Amino acid sequence: MSGAEGEANTTAQVAELSGAQRAMQEAEKKKEMEALIRKRGGKKQVNPEDPHAFWDTMPVPKLSAPDLEADPDGDVGPMEEKTLDQVRQEPYDLPSVDFEWCSMDVTDDAQLAEIYTLLFENYVEDDDNMFRFDYSTNFLRWALMPPGYLPEWHVGVRMTTKKKKSKLVGFITGVPANVQTGESIMPMCEINFLCCWKKLRGKRLAPLLIKEVTRRVNLTGIWQACYTAGVVLPKPITVCRYYHRSLNPKKLIDVDFSRLAPRMTMKMTKKLYEVDKQTRLPGIRPMTEEDVPSACELLNKYLSKFQLHPVFDHDEFRHWLFPREGVIQSFVICNAEGVVTDFLSFYALPSTIMNHPNYTSLNAAYSYYNVATTVEWDALMMDGLILAKQRDFDVFNALDLMDNKEFIEKLKFKPGDGNLQYYLFNWRTKEITPQETALVLL
Ligand SMILES: CC(C)(COP(=O)(O)OP(=O)(O)OC[C@H]1O[C@@H](n2cnc3c(N)ncnc32)[C@H](O)[C@@H]1OP(=O)(O)O)[C@@H](O)C(=O)NCCC(=O)NCCS
């Protein structure tokens, strides 16, 4: 055997061995992800091999697909490449002549009221149908009108029958955002507010809404989107979990949002969750216009250490993070030079409490983007709890993403039963952990 042959042989053996090892690793990883997906499906068991008549036709990885890290042939990048002239020019056909597509103009109060009502009556509920999100009209204006938004990306379906005049029965929205995933910063569309009138459920209107918004987004030369959902679809890039910090435990227990812990009385529970009346951190105050440049820089720098995050310019930062009464609150701490060193923000998203004799609304604050550089995470977020309590929120919610694990346990947040899966459309990349994730969608 010549040296060269020997070497080739050894290389082949190594390749074979590493191939076998890789196959084993892949099988192992696939098993883990399948277990995770099953578990993360909540009460409903999710089988990764189940067909998805719609999603199986979309440029997204299958639930049973191996993670990129375990797939030697897998590349990061688009799953489908199209050019503008390949984008369908006409809207998709709706099931009957009673339906028509529209673009919803959120600057028009009457149209905004229609959106509000559709969502108020039909949007996301918890598994036990006790609570339903109640996005305020001011919140919707904020969520749907960032810099560069396009009314055509706010897609509605109207139904008109002989008996009834036009009614909004389906909705989905996209807003533009620059999002970094791994090494790539891309203009993307953030999809939200997919909703279908309850009487039209199960009739495959959702796939039409998703295809139509995709078409309209593609027409502007954008090919990637990000979105989150409580349901497991092909295929999450990460799965986050909600944590809840009681601020008004009596009400939360009364409405069955939470339960009295074993061996705890109501009095003990109230004491446990009590927070100071005034914030503790010296100098913490609401963000002002002057803070925008340095707060934006601080946040972008912080976000850049994560695998999935938005990149804000000053206008976008101002839009998303500037305080708006009853919608979004943000606070800063500055150093002696007036440079923002620490940042805290939360948004207000109440839920309707359905069928309760005494209460109709649950006031929830949601942790948004936070940065701690000169103070401890728990000290910063404790002030967040105090500021939320001052504004009469019943509960402060946070996902286990970014550095939130640094304060979640210390500040007595408790895990909820809701998970939030994160998805990328038409972008294959490796799966990431919640702690590598820094994108908060409303
Ligand atoms: C989400 C909603 C629009 C789906 O409508 P539907 O009538 O239940 O479902 P349809 O018959 O129209 O379509 C079913 C398809 O939509 C997919 N789908 C369901 N919910 C989805 C979601 N949240 N995001 C994306 N696709 C979804 C299903 O997986 C299925 O596709 P598949 O066969 O490939 O698996 C509707 O249930 C709804 O309005 N729910 C309340 C609001 C809500 O939960 N919105 C989603 C927030 S993320």
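Of the 442 residues in the protein chain, 33% are buried. The structure described here is a predicted model, and this report proceeds from the overall form of the chain to its domains, one of its sheets and the surroundings of its ligand.

**Overall form**

The secondary structure of the protein chain consists of ten helices and 16 strands. Along the principal axes, the C-alpha atoms occupy a box of roughly 85 × 60 × 50 Å. The radius of gyration of the protein chain is 24 Å, which agrees with the value near 22 Å that a compact globule would have with 442 residues. Among the contacts in the protein chain with a separation of 6 or more, 74% are between residues 24 or more positions apart.

**Two domains and their contact**

The protein chain is divided into two parts, domain 1 (84-236) and domain 2 (239-436). A distance of 26 Å separates their C-alpha centres. The contact between the domains draws 32 residues from domain 1 and 34 residues from domain 2. On the side of domain 1 that touches domain 2, at least two residues come from each of the following elements: S2, helix H3 (137-144), strand S4 (167-181) and strand S6 (225-229). By class, this side of domain 1 comprises 19 nonpolar, ten polar and three charged residues.

**An open sheet of three strands**

Strands of a sheet pair through backbone hydrogen bonds, in either a parallel or an antiparallel manner. In this model, three strands form an open sheet in the order S2-S12-S13, with antiparallel pairing. Strand S2 (131-133) and strand S13 (361-362) are the edge strands, each of which pairs on one side only. S2 is joined to strand S12 (residues 351-353) by three bridges, and these two strands run antiparallel. Within this pair, Phe133 stands opposite Ser351 in S12. S2 thus appears in two settings: it is an edge strand of the sheet, and it supplies at least two residues of the side of domain 1 that touches domain 2.

**The surroundings of the ligand**

The ligand is surrounded by 20 residues, of which the closest are His52, Phe54, Cys196, Arg201 and Ala206. Strand S5 (184-196) and helix H4 (205-218) each contribute at least two residues to this shell. The classes of residue in the shell around the ligand, and on the side of domain 1 that touches domain 2, are set out below.

| Group of residues | Nonpolar | Polar | Charged |
|---|---|---|---|
| Shell around the ligand | 14 residues | three residues | three residues |
| Side of domain 1 that touches domain 2 | 19 residues | ten residues | three residues |

Note on methods
Residues numbered from 1 in each chain as written. Predicted model: local features only at pLDDT ≥ 70, side-chain atom pairs only at ≥ 80, totals over all residues. Pairing = 2+ DSSP bridges. Helix = DSSP H or I, 4+ residues; strand = E, 2+ residues; numbered from the N terminus. Near = placed C-beta within 6 Å. Nonpolar A, V, L, I, M, F, W, Y, C, P; charged D, E, K, R; others polar. Domains from an automatic or database assignment. Contact = placed C-beta atoms within 7 Å. Rg over C-alpha atoms; globule rule 2.2 N^0.38 Å. Buried ≥ 20, exposed ≤ 12 C-beta atoms within 10 Å, placed from the backbone.
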